[in-house]
Amino acid sequence: MAIPSRKPRIKDVAFRRLLSVVLITLSGVLLLVMVLRTNSVSDLSFTYSDDTDASFGATRRSTKVVGENLKLLKQNELSISLEKRNQMPPRNLDLYPTLAKDHIVIVLYVHNRPQYLQAVVNSLSRVTGISETLLIISHDGYFEEMNKIVDGIKFCRVKQIFAPFSPHVFPDSFPGISPMDCRDKQNSIKDKCKGNPDQYGNHRSPKIVSLKHHWWWMMNTVWDGLKETTLHSGHILFIEEDHFIYPNAYRNLQLLTKLKPEKCPSCYAANLAPSDVKSRGEGWDSLIAERMGNVGYSFNQTVWRMIHRKAREFCSFDDYNWDITMWVEVYPSFGGPVYTLRGPRTSAVHFGKCGLHQGQDEKSSCIDNGAVNIALEDIDRVPNIQSSWGVHVYKNQDGYKAGFRGWGGWGDTRDHQLCLEFAKMYGIWDAGKK
């Protein structure tokens, strides 16, 4: 009886061994397939770009984050509708079916000052060459009167984008005013409220922090989120609703961007106006290289990648002003002077008499008599930059000294986190890379 009982056991053992071999083989095949798929995804998803920008002479490469869990806010109906509007194509395509090959995209970022917006739109309508390009208007929230003004633009292609996470879109919750938020100099523990004060002991003001949030969201969206601009290889010009643009601005900027590689290869940008907003220029027969100003500034994708890599520094610096944050915290990290090239006469001026979001009430508008009166000379109506000119470099300019810690207003860690999420929302994360 012993012999018959052994045969089933031998067969059973052999079957188990065969099954183990099959399972191991299948596991190896599946593992190999997974590795191959991972490598394939890496090749497509992790390399954002690897092209050389001739005007800057540098190779740009960044990393796309795969499977990153973003911590953006839960959207309300208005936020969702605005995000959908951001995907709509530009208007006036029937009037301007093609763009010039060497066009410079113009981005106008606005708040809620209708009279200011009307003034800058009127000035843009008189700019020579404006019909050759795309005008993007970035709104810090949705305001019907602002929207009506944009609806009337017929002088070029125009696309609107709306910040869907603006404090103005969330009036009763962060990043707007939450019921439990600390106010002024309240103590979060003693007063049982929520928030982190800035270095001066003041808690966040949604109206103030929205300035920095909007600028950063706009930059990330324009450079990395819009199909109209993500592959744009040239410069993009950024202006604000209280910038009056001269008729010769666009042609002058085209000249500056073409001359920059030869005349000032170390310049990062091209500006329409001096860094000193009160100056109208020197009037010399010379190009000017100086620190980058905040009126009519333009740069390319290569420079944006350098800025984006400093997302952590930008988002954590305790100053609600985007421009001061750039001057104090971001530009110095580039390893040398950050020069911009401009002409000796301004092609744009800052006309706003009020800062922040003032001037929204028509009765207390900051524009005199509801109009902007900028005296233009004949030379301001035509290109006034010569390719034969040399470059005068301002090597020592007044600015914020090393160690300046900012004006505050940006101490809440929730603002820091939201700011960082804006840097990741289009799948690009290269912070910390060199």
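A polar contact is a pair of N or O atoms within 3.5 Å; within protein, one atom must be able to donate a hydrogen and the other to accept it, and residues adjacent in sequence count only if both atoms are side-chain atoms. Keep that in mind for the second exercise.

The model is predicted: local features need pLDDT of at least 70, side-chain atom pairs count only at pLDDT 80 or more, and totals for chains, interfaces and linings use all residues. Residues are numbered from 1 along each chain as its sequence is written, and side-chain values use heavy atoms, with hydrogens and water left out.

**Exercise 1. An overview**

Find how many helices and strands the protein has, and what share of its residues count as buried.

Solution.
- Step 1: Helices (H or I, at least four residues) and strands (E, at least two) are DSSP runs, numbered from the N terminus. The protein has 10 helices and 13 strands.
- Step 2: Buried means under 20% relative accessible area, exposed over 50%, and partly exposed in between, using a 1.4 Å probe and protein chains only. Of the 434 residues, 50% count as buried.
- Step 3: A contact means heavy atoms within 4.5 Å. Among contacts between residues at least 6 apart in sequence, 80% join residues at least 24 apart.

**Exercise 2. Strand S4 and the loop after it**

Work out which strands pair with S4, then locate Asp140.

Solution.
- Step 1: Start with S4 itself, where six of six residues are buried. Leu134, Ile136 and Ser138 point one way, while Leu135, Ile137 and His139 point the other way.
- Step 2: Two strands pair if DSSP finds at least two bridges between them. Strand S3 (residues 105-110) runs parallel to S4 over five bridges, and Tyr109 has Ser138 as its bridge partner in S4. Between these two strands the chain passes through helix H3 (residues 114-124), in a right-handed β-α-β crossover.
- Step 3: A crossover is right-handed if, with the strands pointing away from the viewer, the path from the first strand over the helix to the second runs clockwise.
- Step 4: S4 is also joined in parallel to strand S5 (residues 157-162), by six bridges. Here Leu134 stands opposite Arg157. The route from S4 through H4 to S5 is a right-handed β-α-β crossover too.
- Step 5: Asp140 lies in the loop between S4 (134-139) and helix H4 (144-151). Its side chain makes a polar contact with the side chain of Ser166, at 2.8 Å.

**Exercise 3. Charged side chains**

Which residue is the nearest side chain of opposite charge to the buried Asp140? Then look at three salt bridges elsewhere.

Solution.
- Step 1: Side chains of opposite charge can pair when their charged atoms come close. A salt bridge is a side-chain nitrogen of Lys or Arg within 4 Å of a carboxyl oxygen of Asp or Glu. Lys and Arg count as positive, Asp and Glu as negative; His and the chain ends are not counted.
- Step 2: For Asp140 the answer is Arg113, 9.8 Å away, and Asp140 has no salt bridge.
- Step 3: A search of the whole structure finds 14 salt bridges. One of them joins Arg91 and Asp151, with the closest N and O atoms 3.3 Å apart. This pair spans 60 residues, from the loop between helix H2 (77-85) and S3 to helix H4.
- Step 4: Asp380 and Arg345 also meet in a salt bridge (3.3 Å, N to O). They are 35 residues apart, with Asp380 in the loop between strand S12 (348-350) and strand S13 (391-393), and Arg345 in the loop between S11 and S12. Asp380 is buried at 4% relative accessibility, whereas Arg345 is partly exposed at 26%.
- Step 5: Asp412 and Arg414 form a salt bridge of 2.9 Å, N to O, and both residues are buried. Finally, shared salt-bridge partners join Arg113, Glu241 and Asp242 into one network.

**Exercise 4. An enclosed strand**

Explain why strand S8 (residues 267-271) is described as largely enclosed, and find its partners.

Solution.
- Step 1: Five of its five residues are buried, so S8 is largely enclosed by the rest of the structure.
- Step 2: S8 pairs with strand S11 (residues 339-342) in the parallel sense over three bridges; Ala269 has Thr340 as its bridge partner.
- Step 3: S8 pairs with strand S10 (residues 297-299) in the antiparallel sense over two bridges, and Asn271 stands opposite Tyr297.
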